[in-house]
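Here are my comments on the model, set out as numbered points for you to check against the coordinates.

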Amino acid sequence: MTKHLELHRALRADLSRDDVAALRREVRAHFESLVRLQEKQELLAVDLAELLCVRLELLLDAAPSLAADVRADIVGAARYFISAQDAVPDDRACVGLDDDVAVFNHVVRQMERIDLEIVE
């Protein structure tokens, strides 16, 4: 198993509705911090960050109505996106979000929601 999927597995958890809502706010805040950081690092992939943010928000909004293991996968993907300890730092120009996209795509494939998959 690759490092990013191992980290995702460690970040999985079935959270309460309130905790999922708080995580959703953290996802948005992380995206906004990457937008601000792009002012200093032009090659930061904020378009990719925005896709991740919007699609994670969509999944987090739906999470309360999903099975516990699916919720845990979504939470793991969201936590991975906001984590400073992921496989490749998000602030690394051009490639910083590739691992985050791989984790997200893994989750949506598991959910059989390939319509949400992010293709770079």
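1. Contact here means heavy atoms within 4.5 Å of each other. In this sense, the cover over the buried residues of helix H2 includes H3 and H4. Please bear in mind throughout that the model is a predicted one.

2. The buried residues of H2 are Val-20, Leu-23, Val-27, His-30, Phe-31 and Leu-34. Because they cover an arc of only 95° around the axis, they lie on the same side of H2. Asp-18, Arg-25 and Arg-36, by contrast, are exposed on the other side of H2.

3. As for the geometry of this helix, the 21 residues of H2 should span 30 Å at 1.5 Å a residue, and its end C-alpha atoms are indeed 30 Å apart, so the two values agree.

4. The largest nonpolar core comprises 32 residues, and those with the most contacts inside it are Val-27, Leu-52, Leu-56, Leu-60, Phe-81, Leu-97 and Phe-104. Two or more residues are given to this core by each of H2 (17-37), H3 (46-62), H4 (68-82) and H5 (98-110), with H3 supplying the largest share, eight residues. If neighbours within four places in sequence are left aside, Leu-52 is in contact with Phe-81, Leu-97, Asp-100, Val-101, Phe-104 and Ile-118.

5. Is His-8, in helix H1 (residues 3-11), buried or exposed? Its relative accessible area is 3%, which is under the 20% limit, and His-8 is therefore buried. Not counting residues up to four places away in sequence, His-8 touches Asp-73, Gly-76, Ala-77, Tyr-80, Val-103 and Val-107. The C-alpha atoms of His-8 and Ala-72 are separated by 9.9 Å, although these residues are 64 residues apart along the chain.

Note on methods:
Residues are numbered from 1 along each chain as its sequence is written. This is a predicted model: local features need pLDDT of at least 70, side-chain atom pairs count only at pLDDT 80 or more; totals for chains, interfaces and linings use all residues. Side-chain values use heavy atoms; hydrogens and water are left out. A nonpolar core is a set of buried Ala, Val, Leu, Ile, Met, Phe, Trp, Tyr and Cys residues joined through side-chain atoms within 4.5 Å. Buried means under 20% relative accessible area, exposed over 50%, partly exposed in between (1.4 Å probe, protein chains only). Helices (H or I, at least four residues) and strands (E, at least two) are DSSP runs, numbered from the N terminus. The expected span of a helix is 1.5 Å times one less than its number of residues. The arc is that of the directions from the helix axis to the C-beta atoms.
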